[in-house]
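These are my notebook entries on a few features that I looked up, one after another. The structure itself comes before the entries.

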There are 2 protein chains.
Amino acid sequence: MTTQTEVSWMGALRAGLPADAVLEDAASRAAYSRDSAPFSPAGEPAIVVLPTTVAEVQHVMRTAHAFGVPVVPQGARTGLAGAANADDGCIVLSLLRMNRILEIDPGNRLVRCEPGITNRALSDAVREHGLFFPPDPASTDTCTIGGNIAVGAGGLCCVKYGVTADYVLGLVAVLADGRLMPMGRTTVKGVAGYDLTHLFVGSEGTLGVIVEAVLALRPIRPPSLAMLATFGTATAAGEAIARIIAEGHVPSALELMDKTSSHAVAELGHPMLSADASATLIVECDGNDPANELASIAGLCRGAGALQVTVAADQAESKSVLEARRLVLPAMQAQAARMPGRPTAFIEDVAVPRTKLAPFIDQIASIAEKYRLYISTVGHAGDGNLHPTVVFDKDDPDAFKRAQDAYDAIMAAGLALGGTITGEHGVGILKRDWLRRELDPVNLEMQRGIKRIFDPTGILNPGKVLE
Amino acid sequence: MTTQTEVSWMGALRAGLPADAVLEDAASRAAYSRDSAPFSPAGEPAIVVLPTTVAEVQHVMRTAHAFGVPVVPQGARTGLAGAANADDGCIVLSLLRMNRILEIDPGNRLVRCEPGITNRALSDAVREHGLFFPPDPASTDTCTIGGNIAVGAGGLCCVKYGVTADYVLGLVAVLADGRLMPMGRTTVKGVAGYDLTHLFVGSEGTLGVIVEAVLALRPIRPPSLAMLATFGTATAAGEAIARIIAEGHVPSALELMDKTSSHAVAELGHPMLSADASATLIVECDGNDPANELASIAGLCRGAGALQVTVAADQAESKSVLEARRLVLPAMQAQAARMPGRPTAFIEDVAVPRTKLAPFIDQIASIAEKYRLYISTVGHAGDGNLHPTVVFDKDDPDAFKRAQDAYDAIMAAGLALGGTITGEHGVGILKRDWLRRELDPVNLEMQRGIKRIFDPTGILNPGKVLE
């Protein structure tokens with residue numbers, strides 16, 4: 001039912017936007033109602049707006065502020081924590097059409113862009129200038145830079161090159177009341193005032209709407225080479241990781257696959273994986289002499305008891321090694337296809353201190369057994385960041401319940417090992433309760449205070465990150 | 001004059017501290033009254049406290065909060081912006097005696113420490129475990145880690161390894177009311193909630209008192225090699241820098257010395273510097289094959305019109321190259337010694353986009369001429385971060401005035417080139433007015449709001465960063 005107040009604010013909203021920037025049909029409102037997170041409720045937006053200019057975003061926020069209407073900023077909805085899920089009656093503010101590169105500055109190794117550009121499009125554009133934007137989440141092809149910044153996204157090569165936060169120099173945001181706020185800088189270094197820029201990284205649209213970003217870039221990385229080692233136990237793989245780190249190696253990827261994911265990929269026919277492996281380690285190096293570095297690392301893996309070690313001799317073999325990691329999700333989907341009902345894969349995101357990886361993997365295996373669930377675990381071993389993936393039938397209430405319980409058990413185990421409830425996917429709705437278990441009450445109180453400073457009436461992505 | 005209220009709060013303060021943690025004599029109060037910044041007023045503290053435990057820091061803040069007494073947290077007072085300068089009647093809270101390393105964790109490449117440990121002591125301690133803490137401000141031997149974090153310190157090798165902010169994973173702070181607030185994490189990655197940790201980096205003791213830090217470390221860097229090139233103009237040196245960057249090199253130091261500093265060091269007798277040089281570039285590389293990388297860079301310098309290029313063949317020559325940069329301050333002091341009166345050297349800190357370095361250096365030279373001042377400029381060329389150093393007689397009111405005017409002119413020129421008023425020294429008192437010229441009013445309003453959340457009664461380092 002559309003009330004009189006709704007009509008008046010929607011009229012005001014429409015009045016400042018081109019007709020093609022407004023979607024009101026039920027199908028569009030449903031399509032823009034949620035991101036890619038399961039277990040996270042989503043409401044029905046009253047309207048979806050797709051502005052193309054900063055002035056239009058300001059108009060949206062001014063109108064929302066005047067009428068007290070909640071606004072949910074959105075990128076490509078690839079997020080996995082429900083941070084972009086709509087509230088009933090809200091304005092969904094999609095930044096997808098603000099997707100331009102505003103400036104590429106090779107001399108200063110930086111790029112200025114709008115938030116709606118995809119990570120892929122940005123990476124491709126800067127590569128033409130000999131430059132490299134490292135953050136490489138799995139959704140690279142479709143996720144937006146604004147979304148990457150909003151959640152603090154990571155990826156495979158972060159173990160060497162750092163995460164999104166490490167590349168954000170400056171931002172421009174539209175605040176809850178429609179005012180524009182530039183922050184940060186265009187210089188490499190700078191410490192002028194409180195660092196609002198990094199307060200916005202990971203704030204999931206709760207403090208303001210990011211409408212522009214200045215990102216640092218690196219020179220294109222040297223060609224890489226990869227290797228793969230299989231182990232009889234997670235503990236042996238953990239020992240190999242410990243030795244690699246202790247020797248001072250900084251690989252450009254250091255990925256761990258548990259027994260379940262190793263088996264699933266082996267079943268898909270990958271030649272380097274064996275069905276008797278309980279853990280697989282994939283190492284990529286891109287230094288000046290990756291072959292030599294990989295040879296050292298291969299030795300360390302053997303010393304830690306590797307069953308089999310395959311070092312790529314060339315780019316083609318290297319690609320085949322990395323394919324094993326890439327095949328994990330397809331392998332999960334193949335497993336799911338054999339299950340009854342409507343199976344879905346829920347990708348988790350927990351980080352523990354690197355040295356706690358092996359015990360954490362063993363605990364996840366026990367949790368899978370206890371809740372009778374198919375859980376495969378892969379992750380960025382170099383960062384201690386794991387992605388346990390639960391495959392379950394979402395139409396089966398019992399399986400759904402067991403999946404939720406297993407998720408809780410995994411979070412609790414991660415925290416007990418000194419970890420964090422999210423390494424790179426964010427809090428959103430999904431982990432709001434768990435945030436309270438991770439963070440100290442005084443810390444949370446200060447976070448709520450900061451939220452009030454930026455959004456006193458609470459219209460910006462309400463209920464996300466903090467309640 | 002000591003009032004009754006003072007007596008009562010000082011009694012309460014003393015009651016919770018060991019006798020040796022309290023200094024009340026005039027000499028001590030004077031000694032702890034200011035950091036190393038000129039042009040910045042300092043008051044007389046009522047008392048200096050040097051706690052050794054977190055509980056004692058909490059007692060100090062609880063007492064200050066109860067009685068409304070301002071507190072100025074302090075490290076080694078090597079700061080150059082007056083951020084640690086006392087207010088009249090304040091409590092100076094020196095963290096110098098909280099200088100323990102609490103944990104070195106080689107497996108997770110991190111260290112947990114108290115704030116009062118010196119950068120040198122921390123670096124030496126972790127080196128024994130094969131680890132490297134990169135931030136290397138000029139005051140490394142004496143400055144504290146807490147101070148490094150509070151100002152967001154940098155250094156020479158930041159061009160490759162990043163600044164202090166890049167290494168701070170987690171902090172524990174005592175808030176204005178004495179409550180303890182842990183923030184951040186011990187994992188490599190983590191995005192759970194707003195990033196309070198990096199809000200504290202660079203906040204100069206205005207949001208809370210840092211009592212513990214968890215810092216990320218790197219493996220010990222490979223041996224380095226250095227080269228030196230002289231140029232006829234700053235523009236030619238700027239062109240060389242541009243070519244080095246454009247070719248994708250990432251040196252571990254890329255330092256520029258202007259005409260004045262080149263001449264001063266040549267006069268001290270450094271064999272590689274010539275009196276006809278208008279700019280000197282020092283490049284250090286520490287990759288897998290530094291000799292080869294330096295050979296390429298030497299070629300780029302020659303192509304940009306270098307007068308003379310000296311590539312170190314071994315560690316001894318490399319040391320001599322780097323000595324040229326290290327000699328800048330002694331050379332300035334030698335120049336100062338020849339001046340009449342009580343000459344002092346004021347080290348400035350401005351950062352511009354890397355490509356604006358050459359015009360900025362030329363503008364600084366014009367400013368020196370206009371104000372008839374001896375200004376030498378050196379800096380971290382790879383970061384665009386320059387340190388113009390004004391040598392003047394502080395007893396000469398006219399020279400003092402001209403030095404202040406030149407300082408203002410340099411700030412204005414840096415901002416006009418798209419730069420920032422501070423790359424790594426902070427805002428303190430010195431640059432508070434300039435902060436208002438750099439930052440947008442909405443941004444400043446939000447910063448003030450954040451300050452109010454953490455310190456509602458304004459007792460924590462009042463008047464620093466923001467007014």
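**Entry 1: charges over rings.** I began with arginine side chains placed over aromatic rings. In chain A, I found A:R77 over the face of A:Y32, 4.5 Å from the ring centre. In chain B, the charged end of B:R77 is over the ring of B:Y32, and its distance from the ring centre is 4.5 Å. I note here that the model is predicted, and that I read every value below with this in mind.

**Entry 2: aromatic pairs.** I then turned to rings that pair with each other. I recorded a count of 18 aromatic pairs over all chains. One of them is A:F39 with A:F392, a stacked pair with 5.7 Å from centre to centre and 25 degrees between the planes. I looked up where the two residues lie: A:F39 is in the loop between α2 (26-31) and β2 (47-49) of chain A, and A:F392 is in strand β19 (residues 385-393) of chain A, so the pair ties together parts 353 residues apart in sequence. Both A:F39 and A:F392 are buried.

For chain B, I examined B:F200 and B:F454. Their ring centres are 5.5 Å apart and their planes are at 80 degrees, so I entered the pair as edge-to-face. This pair also links distant parts of its chain: B:F200 is in helix α7 (residues 196-200) of chain B and B:F454 in helix α16 (residues 441-454) of chain B, 254 residues apart. B:F200 has 1% relative accessibility and therefore counts as buried. B:F454, at 3%, counts as buried as well.

I returned to chain A to see which residues ring pairs join to A:F39. The cluster consists of A:F39, A:F346, A:F392, A:F400 and A:Y407.

**Entry 3: B:W434.** I located B:W434 in helix α15 (residues 432-438) of chain B. Is B:W434 buried or exposed? Its relative accessibility is 6%; because the cut-off for buried is under 20%, B:W434 counts as buried. Setting aside neighbours within four places in sequence, I listed its contacts as B:Y407, B:D408, B:M411, B:A412, B:L415 and B:I421. For B:L415, I also noted the separation from B:W434: 19 residues in sequence and 9.6 Å in space, C-alpha to C-alpha.

**Entry 4: B:T420.** I placed B:T420 in the loop between α14 (397-416) and α15 of chain B. At 2% relative accessibility, B:T420 counts as buried. Which residues does B:T420 touch, not counting those up to four places away in sequence? From chain A, I entered A:T187, A:K189, A:G190 and A:A192; from chain B, I entered B:V350, B:A351, B:L415 and B:E438.

**Entry 5: helix crossings on α12(B).** I checked two helices against helix α12 (residues 328-337) of chain B. The axis of helix α9 (residues 259-267) of chain B comes within 9 Å of the α12 axis, and the two cross at roughly 80 degrees. I therefore entered α9(B) as roughly perpendicular to α12(B). The contact involves B:S261, B:A264, B:V265 and B:E267 of α9(B), with B:V328, B:A331, B:M332 and B:Q335 of α12(B).

The axes of helix α11 (residues 315-326) of chain B and α12(B) come within 5 Å and cross at roughly 45 degrees, which means that α11(B) is oblique to α12(B). Here B:A324, B:R325 and B:R326 of α11(B) meet B:V328, B:L329 and B:P330 of α12(B).

**Entry 6: domains of chain A.** Last, I read the domain assignment of chain A, which gives domain 1 (4-94), domain 2 (101-219) and domain 3 (224-329). The C-alpha centres of domain 1 and domain 3 of chain A are 44 Å apart.

How values were computed. Residues are numbered from 1 along each chain as its sequence is written. Chains are lettered from A and ligands numbered from 1 in the order in which they are written. This is a predicted model: local features need pLDDT of at least 70, side-chain atom pairs count only at pLDDT 80 or more; totals for chains, interfaces and linings use all residues. Side-chain values use heavy atoms; hydrogens and water are left out. Rings of Phe, Tyr and Trp (its six-membered ring) pair if their centres lie within 6.5 Å; planes under 30 degrees apart count as stacked, over 60 as edge-to-face and the rest as tilted. Helices (H or I, at least four residues) and strands (E, at least two) are DSSP runs, numbered from the N terminus. Buried means under 20% relative accessible area, exposed over 50%, partly exposed in between (1.4 Å probe, protein chains only). A charge sits over a ring if NZ of Lys or CZ of Arg is within 6 Å of the ring centre and within 35 degrees of the ring normal. Contact means heavy atoms within 4.5 Å. Domain bounds come from an automatic or database domain assignment. Axes are lines fitted to C-alpha atoms, for helices over the stretch in contact, and angles run from 0 to 180 degrees between N-to-C directions. Angles under 35 degrees count as roughly parallel, over 145 as roughly antiparallel, 65 to 115 as roughly perpendicular and the rest as oblique.
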